[in-house]
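Here is a short tour for anyone who likes to check a fold by its parts. Keep the viewer open and follow along.

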Amino acid sequence: MHRKDLLNNTMISVEAGLYIGSVSDLKDPEALTLTGITHILSVDSEQPELSGFHIRFVHALDDSSTDLLSKLDSCVQFISDVLNASSSSSSSSSVLVHCHAGQSRSAAIITAYLMKTQKLSVKEAYTKLQHIKPDVKMNEEFLEQLTLYEAMNCELDTSSVLYKQFRLKKVTEKYPELKNVPRDVFAVDPAQSHSAEAVYRCRKCRRTLFRHSSILSHCVGSGASAFSHKKSRGGRPVGDQSQCTSYFIEPVQWMEEVLLGVMDGQLLCPKCSSKLGSFNWYGEQCSCGRWVTPAFQMHKNRVDEIKHINIAALK
């Protein structure tokens, strides 16, 4: 049975050597030591001022703008390292994971740890934690991020379409004026580097524009019915294509000057200036009816796919 341990009954044992708690637990360092705490993972808005412990601080607010997903792997690794070191040595080590109230941010980290180490789904891990600490109440955004973490097999994959889409949405939320956007959001310009991967070129001037891995796939929408709010003068629904007529991609380095500080606009070829598509940081509707956010749309009839053939393999 899991027991409540000291400190105004806020710190609770999740498993041997692992505790979840709140910032109030840090007010009594002696009690922490008596409990066996040697390491502290602080997931909060302010770094704790505490000596005598190994502290890892992760700056995170308890709101929908916070990107915890990108930090889950390092947090889980920190916990695992502490517990593994304890099991392989004569000296015991324990780690306290805390946020301000011990209900949301710390719960998200503990849930991720249980998912990865015990091979649990997000629902199973969160339910298990709720049985241990009934007052945990993770905000919905963190639950969605944990669902993405589960979809990536509990390992952050920055090349994943799911992660790229998530990151772009967070950038839009964090930089509403679309200035000072991190440069690593932009994919490498394929015209400036070599790769065996399939690429897409401007149909008019043949300038290489983006790689196949930059395409952000989406679930097909409901077709014409999704455009019922848009009527042509003749009364027929607009957008009744059965297939997507555009590629939705991650932004590429050659787009940077056009995209920053601008909400929406056209995407022109950087070499010949022919129109390739459009962009809107708050989203656009695909011809299939699906709404894509943010949207960097390249019309399929303006680009050609180029696949590299290994001549040596054909001999």
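## Strand 2 and its partners

Let us begin with a parallel pair: strand 2 and strand 5 (residues 94–99) run parallel and are joined by five bridges. Within this pairing, Ser22 stands opposite Cys99 of strand 5. Please keep in mind throughout that this is a predicted model.

Strand 2 has another partner as well. Strand 1 (residues 12–15) pairs with strand 2 in the antiparallel sense, over three bridges, and Glu15 has Leu18 in strand 2 as its bridge partner. The two strands make a hairpin with two residues between them, and Gly17 in the turn shows a positive phi of about 90 degrees.

How many of the five residues of strand 2 are buried? Five of the five, across residues 18–22, so the strand is largely enclosed by the rest of the structure. In a regular strand, side chains alternate between the two faces of the sheet. Here both faces are covered: Leu18, Ile20 and Ser22 are buried on one side, and Tyr19 and Gly21 are buried on the other.

## Around Cys99

Cys99, found in strand 5, is worth a closer look. The UniProt record, an unreviewed entry, places the feature "active site" at Cys99. Is this residue buried or exposed? Cys99 has a relative accessibility of 2%, and because buried means under 20%, it counts as buried.

With neighbours within four places in sequence left aside, Cys99 is in contact with Gly21, Ser22 and Val23, with Val43 and Asp44, and with Ser104, Arg105 and Ser106. Ser22, one of these contacts, is also the residue that stands opposite Cys99 in the strand pairing.

## Ser45 in its loop

Ser45 sits in the loop between strand 3 (37–44) and strand 4 (54–59). Its relative accessibility is 34%, so Ser45 counts as partly exposed.

Beyond its neighbours within four places in sequence, Ser45 is in contact with Phe57, His59, Ala60, Leu61 and Arg105. Arg105 is also among the contacts of Cys99. For a distance to check in your viewer, try Ser45 and Asp62: they are 17 residues apart in sequence, and their C-alpha atoms are 8.5 Å apart in space.

## Helix 5

Helix 5 covers residues 140–151, and its 12 residues should span 16 Å at 1.5 Å a residue. The end C-alpha atoms are 17 Å apart, which agrees with that expectation. At the start of the helix, a side-chain oxygen of Asn139 comes to within 2.9 Å of the backbone nitrogen of Glu141. After the helix comes Asn153, with a positive phi near 60 degrees.

Which residues of helix 5 are buried? They are Glu141, Phe142, Leu143, Gln145, Leu146, Leu148 and Tyr149. An α-helix has 3.6 residues a turn, so residues three or four places apart point the same way. The cover over the buried residues of helix 5 includes helix 2 (72–87), helix 3 (105–118), helix 4 (122–132) and helix 6 (161–174).

## A four-stranded open sheet

Further along the chain, four strands form an open sheet in the order 8-13-10-9, with antiparallel pairing. Strand 8 (246–248) and strand 9 (264–268) are at the edges with a single partner strand each, so one side of each has no neighbour in the sheet. From one strand to the next, the twist averages 25 degrees.

At one edge, strand 8 pairs with strand 13 (residues 295–299) in the antiparallel sense over three bridges. Phe248 has Gln297 in strand 13 as its bridge partner.

Key. Residues are numbered from 1 along each chain as its sequence is written. This is a predicted model: local features need pLDDT of at least 70, side-chain atom pairs count only at pLDDT 80 or more; totals for chains, interfaces and linings use all residues. Side-chain values use heavy atoms; hydrogens and water are left out. The expected span of a helix is 1.5 Å times one less than its number of residues. Buried means under 20% relative accessible area, exposed over 50%, partly exposed in between (1.4 Å probe, protein chains only). Contact means heavy atoms within 4.5 Å. A polar contact is a pair of N or O atoms within 3.5 Å; within protein, one must be able to donate a hydrogen and the other to accept it, and residues adjacent in sequence count only if both atoms are side-chain atoms. Two strands pair if DSSP finds at least two bridges between them. Axes are lines fitted to C-alpha atoms, for helices over the stretch in contact, and angles run from 0 to 180 degrees between N-to-C directions. UniProt positions are given in the numbering used here, feature names are shortened, and annotations may be inferred rather than shown by experiment.
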